[in-house]
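I opened this notebook to record what I looked up in one structure, entry by entry. I wanted to begin with the overall fold and end with the loops.

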Amino acid sequence: MANDLPLEHAWPGLMAQAQDGNQRAYRLVLRALVPAVRVRVRRRIFDDVLAEDVVQEVLMTIHRLRHTYDPALPLSPWVSAIVSARAVDALRRQGRSHGREVNDENMLGAAVDVGASAAFEAMATEREVAGILSMLPERQRQMVEMVKLREMSLDDAAQESRLSISAVKSLLHRALLRLREHGDQTHG
């Protein structure tokens with residue numbers, strides 16, 4: 001197949017024909033350019049996957065900008081300029097992403113804000129508790145919140161709710177029984 005490829009001195013004429021709409025000439029010049037582009041890209045980019053991505057970007061750029069090529073000039077410098085631009089773009093993108101990546105597990109652990117993690121866990125726990133308490137009748141829920149969550153004494157809870165201490169105990173007892181039954185049903 002390499003023997004079928006046009007020599008470099010024929011590339012400008014083929015590109016001129018391609019600019020005039022000759023699809024066969026366009027296919028020939030692109031087929032001839034691929035190995036040359038690949039060599040030029042690999043001189044700048046050593047990562048195989050990134051290099052192949054850049055080769056594809058160069059070919060797409062050639063396709064988009066083929067109308068800007070001057071057939072009176074050699075094609076190689078024009079292609080080399082495109083290769084340089086696409087390689088620099090790819091390396092910049094890679095550099096920006098590597099600058100934000102954390103590959104070291106120890107560094108990742110150090111980068112995690114423990115306070116934020118604890119706050120998120122507390123928020124999740126609060127939502128979970130609120131969900132469980134929402135199944136209780138209003139007065140039972142209030143007693144659990146006062147005595148168990150806000151850690152009020154029975155006397156303080158009775159005064160705030162304007163109930164007797166025995167009423168607070170009764171509501172609290174019924175709430176805890178109901179929560180225990182719910183836990184037995186959902187957790188086996």
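Before listing any neighbours, I note that I take contact to mean heavy atoms within 4.5 Å. I also keep in mind throughout that this is a predicted model.

**Entry 1, the chain as a whole.** I looked up the secondary structure and found nine helices and zero strands, so that I could write the pattern along the sequence as α-α-α-α-α-α-α-α-α. The chain has 188 residues, of which 29% count as buried, and it exposes about 12,600 Å², with carbon and sulfur atoms supplying 54% of that area. Taking contacts between residues at least 6 apart in sequence, I read that 57% of them join residues at least 24 apart.

**Entry 2, the nonpolar cores.** Which residues have the most contacts inside the largest nonpolar core? I found V37, V41, I62 and L75, in a core of 31 residues. Helix 1 (11–19), helix 2 (23–44), helix 3 (48–65) and helix 4 (75–100) each supply at least two of the core residues, and the largest share, 10 residues, comes from helix 2. Apart from this core I noted another one, of 14 residues, which includes L133, V147, A158 and L171. As background I add that in soluble globular proteins nonpolar side chains tend to be buried together.

**Entry 3, around L75.** I then followed L75, and, not counting residues up to four places away in sequence, I found that L75 touches W11, P12, M15, V29, L33 and Y69. Y69 took me to the aromatic rings, where a search of the whole structure finds one aromatic pair. That pair is Y69 with W78, with 5.4 Å between the centres and 55° between the planes, and I recorded the geometry as tilted. Both Y69 and W78 are buried. I also looked at another ring, that of Y26, and found the charged end of R66 sitting over it, 4.7 Å from the ring centre.

**Entry 4, S76.** Is S76, which I placed in helix 4, buried or exposed? I count S76 as buried because its relative accessible area is 10%, under the 20% cut-off. The side chain of S76 is joined to that of R40 by a polar contact of 3.1 Å, and, leaving aside neighbours within four places in sequence, S76 is in contact with E8, W11 and R40.

**Entry 5, L73.** I found L73 in the loop between helix 3 and helix 4. L73 counts as partly exposed because its relative accessible area is 49%, a value between the limits of 20% and 50%. I compared L73 with P12 and noted that they are 61 residues apart in sequence, while their C-alpha atoms are 7.2 Å apart in space.

**Entry 6, positive phi values.** Most residues other than glycine have a negative phi, and I therefore wrote down two residues with positive values. E151 has a phi near 55° and lies in the loop between helix 7 (138–149) and helix 8 (154–161). R162 has a phi near 60° and lies in the loop between helix 8 and helix 9 (165–187). I count E151 as exposed because its relative accessible area is 67%, and R162 as exposed because its relative accessibility is 77%, the cut-off for exposed being over 50%.

How values were computed
Residues numbered from 1 in each chain as written. Predicted model: local features only at pLDDT ≥ 70, side-chain atom pairs only at ≥ 80, totals over all residues. Heavy atoms only, no water. Core = buried A, V, L, I, M, F, W, Y, C linked by side-chain atoms within 4.5 Å. Buried < 20%, exposed > 50% of the residue type's maximum accessible area, 1.4 Å probe, protein only. Phe/Tyr/Trp six-rings, centres within 6.5 Å; stacked < 30°, edge-to-face > 60°. Lys NZ or Arg CZ within 6 Å of the ring centre and 35° of its normal. Polar contact = N/O pair within 3.5 Å; in protein donor to acceptor, adjacent residues only side chain to side chain. Areas by Shrake-Rupley, 256 points an atom, 1.4 Å probe, with all protein chains shown as cover.
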